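Q: I'm new to reading structures and would like a close look at a single part of this one. Could you walk me through the salt bridge and then show me what sits around it in the rest of the chain?

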Amino acid sequence: MSETRPFPPNSSRMQRGSKRAPSVRSARVFGIVTALGCALVIFLVLIFALTGSPYRASIAMGCGIATLGAARGIWPGQPWFASRSKWSDVMVYLGVGLAIILLAPLVALGAV
């Protein structure tokens, strides 16, 4: 009688549908890119707020938060800005970003 053996580790049958984690290098690059993007958004918000343009500051902040939500949805694994499960993070970031964008005109009215 022949002995049944599992598939070898490099078999294509084992890798179908398996989710691969991001490599260490790509995770580091993604972390650096998102951190620089957050720093840019904070810089823009500060510049807009100090120059008397709260509407633009609110839009920049809302777009930045929504962009983090999209990045969280696209990137596999758990980046530095993740706190919950992937889909709850995406929903919270997109919801907060969209709410800030939609309420930005009210902020501009209050600054007058």
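A: Let's start with Asp89: this residue is buried, with a relative accessible area of 0%. Keep in mind as you look that this is a predicted model. Who does Asp89 meet in a salt bridge? The partner is Arg72, and the two side chains come together at 2.9 Å, N to O. Arg72 counts as buried as well, because its relative accessibility is 2% and the cut-off for buried is under 20%.

Why might such a pair form at all? Side chains of opposite charge can pair when their charged atoms come close. By the rule used here, the count comes to one salt bridge. Asp89 lies in helix H4 and Arg72 in helix H3, so the pair ties together parts that are 17 residues apart in sequence.

Now zoom out a bit to see where those helices belong. The chain has four helices and zero strands, and starting at the N terminus the order of elements reads α-α-α-α. Of the 112 residues in the chain, 23% are buried; Asp89, at 0% relative accessible area, is one of the buried residues.

Between H3 and H4, the helices that hold the two partners, there is a loop, and Trp80 has its place there. Is Trp80 buried, exposed or partly exposed? Trp80 is partly exposed, since its relative accessible area is 49% and exposed would need over 50%. If you hunt for Thr34 on the model, you'll find its C-alpha 9.1 Å from that of Trp80, although the two are 46 residues apart in sequence.

Stay with H4 for a moment, because Asp89 lies in this helix. H4 covers residues 86-110, and Leu102 lies in it too. Here the picture is quite unlike Asp89: Leu102 counts as exposed, at 59% relative accessibility. Leu102 also helps make a nonpolar surface patch of about 550 Å², together with Leu98, Leu103, Leu106 and Leu109.

Next, go back to H3, the helix with Arg72, and look for the largest pocket. Its volume is about 270 Å³. The elements that give two or more residues to its lining are helix H2 (24-50) and helix H3 (54-74). H2 supplies the largest share, eight residues. In total 15 residues line this pocket, and those nearest its centre are Gly37, Cys38, Val41, Gly64 and Leu68. What kinds of residues make up the lining? There are 11 nonpolar and four polar residues, and no charged ones.

Let's finish on one of those central lining residues, Val41. You'll find Val41 in helix H2, and it counts as partly exposed, with 23% relative accessibility. Measure across from Val41 to Ile65 on your screen: the C-alpha atoms are 9.1 Å apart, while the residues are 24 apart in sequence.

So, to return to your part: the salt bridge joins Asp89 in H4 to Arg72 in H3, and both ends are buried, Asp89 at 0% and Arg72 at 2%.

Notes
Residues are numbered from 1 along each chain as its sequence is written. This is a predicted model: local features need pLDDT of at least 70, side-chain atom pairs count only at pLDDT 80 or more; totals for chains, interfaces and linings use all residues. Side-chain values use heavy atoms; hydrogens and water are left out. Patches are made of residues with over 30% relative accessible area and no salt bridge: like charges are joined within 9 Å, nonpolar side chains (Val, Leu, Ile, Met, Phe, Trp, Tyr) within 5 Å. Accessible areas come from the Shrake-Rupley method with a 1.4 Å probe; for residues, only the protein chains shown count as cover. A salt bridge is a side-chain nitrogen of Lys or Arg within 4 Å of a carboxyl oxygen of Asp or Glu. Buried means under 20% relative accessible area, exposed over 50%, partly exposed in between (1.4 Å probe, protein chains only). On a 1 Å grid over the protein atoms alone, a cavity is a set of points where a 1.4 Å probe fits but cannot get out, and a pocket is an open set with protein on both sides within 12 Å along at least five of seven lines; lining residues have an atom within 4 Å of a point. Grid points are joined across faces, edges and corners, and a volume is the space filled by probe spheres set on the points. Ala, Val, Leu, Ile, Met, Phe, Trp, Tyr, Cys and Pro count as nonpolar, Asp, Glu, Lys and Arg as charged, and the others, Gly among them, as polar.
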